[in-house]
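Biologist: I would like to go through this model one question at a time. Please put the structure up before we start.

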Amino acid sequence: MKNSTNGLSAVQILNNLPHRFPMLLVDRVLEIEPGQRVVGIKNVSFNEPFFPGHFPGLPVMPGVLIIESMAQVAAIMMLALPNFKDQIPYLAGMDKVRFRKPVVPGDTLHIEAKLLKIHRAIGRVTIVAHVDGDLVAEAELMFALKNRESQTGEEL
């Protein structure tokens, strides 16, 4: 990954996050400062697999998927550091989560995460999501980074 404020393409995101369709919820990284700050986007379209059931006739992106999208953007920031490059990111906790406005088809989530602290492979970020400049969600997320090879279902 690049160690500058340059962004990442969709292919570069696939090369770094373990997520795949339908759970890959980041389309592009606009800016990245590894281990410090990241800005990414998720384009929300009518083709999302969750819209037919959430809600019929009134499509709204589920809050848990907004949080997942936010967590994936934050994970990209941490996986850009050389010592975490081949790790698997796990969402380990959420605090101060607030949803301010619904996210609907046609919206573009503009997500910005900033690292608050990290100790070994456990960290905390503050993260916000905007649509057209309006705050739609905010949270503090805790994450754990684990070795890919050691994952057998043990505790985080």
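Biologist: Which residue in β2 does E31 stand opposite?

Modeller: This is a predicted model. In it, β1 (28-33) and β2 (residues 37-43) pair in the antiparallel sense over five bridges. The residue of β2 that stands opposite E31 is V39.

Biologist: Which residue in the hairpin of β1 and β2 takes a positive phi?

Modeller: The hairpin has three residues between the strands. The positive phi there is near 75°, and the residue that takes it is G35.

Biologist: Is G40 buried or exposed?

Modeller: G40 lies in strand β2. Its contacts, not counting residues up to four places away in sequence, are R28, V29, L30, V73, L109, H110 and I111. The cut-off for buried is under 20% relative accessible area. The relative accessible area of G40 is 0%, so G40 is buried.

Biologist: How far apart in space are G40 and H110?

Modeller: H110 is among the residues that G40 touches. In sequence the two are 70 residues apart. From C-alpha to C-alpha, the separation in space is 6.0 Å.

Biologist: Which element gives the largest share of the largest nonpolar core?

Modeller: The largest nonpolar core has 41 residues, of which M61, M70 and L109 touch the most other members. Two or more residues come from each of β1, α2, β4 (108-119), β5 (122-131) and β6. The largest share is twelve residues, and it comes from α2.

Biologist: Which residues does M61 touch, not counting residues up to four places away in sequence?

Modeller: M61 is one of the three core residues that touch the most other members. L109, another of those three, is on its contact list. The full list for M61 is V44, F50, F51, H54, I66, V103 and L109.

Biologist: What is the relative accessible area of Q72?

Modeller: Q72 has its place in helix α2. Leaving aside neighbours within four places in sequence, Q72 is in contact with L17, H19, M23, L24, L25 and V26. Q72 is buried, and its relative accessible area is 1%.

Biologist: Which element supplies the largest share of the lining of the largest pocket?

Modeller: The largest pocket has a volume of about 170 Å³ and is lined by 14 residues, with A71, A75, P89, Y90 and L91 nearest its centre. At least two lining residues come from each of α2 (63-79), β3 (87-99) and β6 (134-147). The largest share is six residues, from α2.

Biologist: How many residues of that lining are nonpolar?

Modeller: Two of the lining residues are polar and one is charged. The nonpolar ones number eleven.

Technical notes
Residues numbered from 1 in each chain as written. Predicted model: local features only at pLDDT ≥ 70, side-chain atom pairs only at ≥ 80, totals over all residues. Heavy atoms only, no water. 1 Å grid on protein atoms, 1.4 Å probe; cavity = no way out; pocket = protein on both sides within 12 Å on 5 of 7 lines; lining within 4 Å. Points joined across faces, edges and corners; volume = space filled by probe spheres on them. Helix = DSSP H or I, 4+ residues; strand = E, 2+ residues; numbered from the N terminus. Nonpolar A, V, L, I, M, F, W, Y, C, P; charged D, E, K, R; others polar. Core = buried A, V, L, I, M, F, W, Y, C linked by side-chain atoms within 4.5 Å. Buried < 20%, exposed > 50% of the residue type's maximum accessible area, 1.4 Å probe, protein only. Contact = heavy atoms within 4.5 Å. Pairing = 2+ DSSP bridges.
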